[in-house]
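These are my notebook entries on a single chain. I set down what I looked up, entry by entry.

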Amino acid sequence: MPVRLHTAAGDRDVPTGDTASRASEPRRRGAHPRVARHGDVDHQRGYLGARSDNARWLARQG
């Protein structure tokens with residue numbers, strides 16, 4: 001099962017370190033989580049970027 005995480009450097013609600021720590025558990029179990037970085041944007045813009053990114057990814061899956 002794909003693991004996709006998102007982070008944004010400008011997000012003051014969810015620090016980028018939180019995303020890194022969330023990625024560590026799947027890695028320990030042999031998964032290769034994808035971490036998408038949405039740049040220096042706030043939480044809302046990071047969410048919108050993640051939503052768009054996930055929609056494009058899902059569309060490619062068929």
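Entry 1. Which residue in S2 does His6 stand opposite? I looked up the bridge and found that His6 faces Ala36 in S2. I note at the outset that the model is predicted.

Entry 2. I then examined the pairing as a whole. S1 and strand S2, residues 34–37, run in the parallel sense and are joined over four bridges. I also recorded Arg34 as the bridge partner of Arg4 in S2. For the link between the strands, I found helix H1, residues 16–28, which forms a right-handed β-α-β unit together with S1 and S2.

Entry 3. I turned to the overall arrangement. The chain contains two helices and two strands, and their order along the sequence is β-α-β-α. The C-alpha trace spans about 30 × 30 × 15 Å along its principal axes. Of the 62 residues, 24% count as buried. I also checked how contacts are distributed over the sequence: among those between residues at least 6 apart, 62% join residues at least 24 apart.

Entry 4. Is Arg4 buried or exposed? I located Arg4 in strand S1. Its relative accessible area is 19%, under the 20% cut-off, and therefore Arg4 counts as buried. Leaving out residues up to four places away in sequence, I listed the contacts of Arg4 as Arg34, Asp53, Asn54 and Trp57. I also took one distance from this residue: Arg4 and Asp40 lie 36 residues apart in sequence and 19 Å apart in space, C-alpha to C-alpha.

Entry 5. Which residues does Asp53 touch, not counting residues up to four places away in sequence? I placed Asp53 in helix H2 and read its contacts as Arg4, His6, Arg34, Ala36 and His38. Among them are His6 and Ala36, the two residues that stand opposite each other in Entry 1. The relative accessible area of Asp53 is 12%, so this residue is classed as buried.

Entry 6. I next looked up Thr7, which is also found in strand S1. Thr7 is buried, with a relative accessible area of 10%. Leaving aside neighbours within four places in sequence, I found Thr7 in contact with Thr16, Thr19, Val35, Ala36, Arg37 and His38. For one of these, His38, I read the C-alpha separation from Thr7 as 6.1 Å, with the two residues 31 apart along the chain.

Entry 7. Which residues line the largest pocket? I found His6, Thr7, Ala8, Asp11, Val14, Pro15, Thr19, His38, His43, Gly46, Tyr47 and Ala50. The elements that give two or more residues to this lining are strand S1 (4–7) and helix H2 (43–61). H2 supplies the largest share, four residues. By class, I recorded five nonpolar residues, six polar and one charged. The volume of the largest pocket is about 170 Å³.

Entry 8. I close by cross-referencing the entries. Thr7 lines the largest pocket, as do Thr19 and His38, and both of the latter are in contact with Thr7. His6 and His38 also belong to that lining, and Asp53 touches both.

Note on methods: Residues numbered from 1 in each chain as written. Predicted model: local features only at pLDDT ≥ 70, side-chain atom pairs only at ≥ 80, totals over all residues. Heavy atoms only, no water. 1 Å grid on protein atoms, 1.4 Å probe; cavity = no way out; pocket = protein on both sides within 12 Å on 5 of 7 lines; lining within 4 Å. Points joined across faces, edges and corners; volume = space filled by probe spheres on them. Nonpolar A, V, L, I, M, F, W, Y, C, P; charged D, E, K, R; others polar. Pairing = 2+ DSSP bridges. Right-handed = clockwise from strand over helix to strand, strands pointing away. Buried < 20%, exposed > 50% of the residue type's maximum accessible area, 1.4 Å probe, protein only. Contact = heavy atoms within 4.5 Å.
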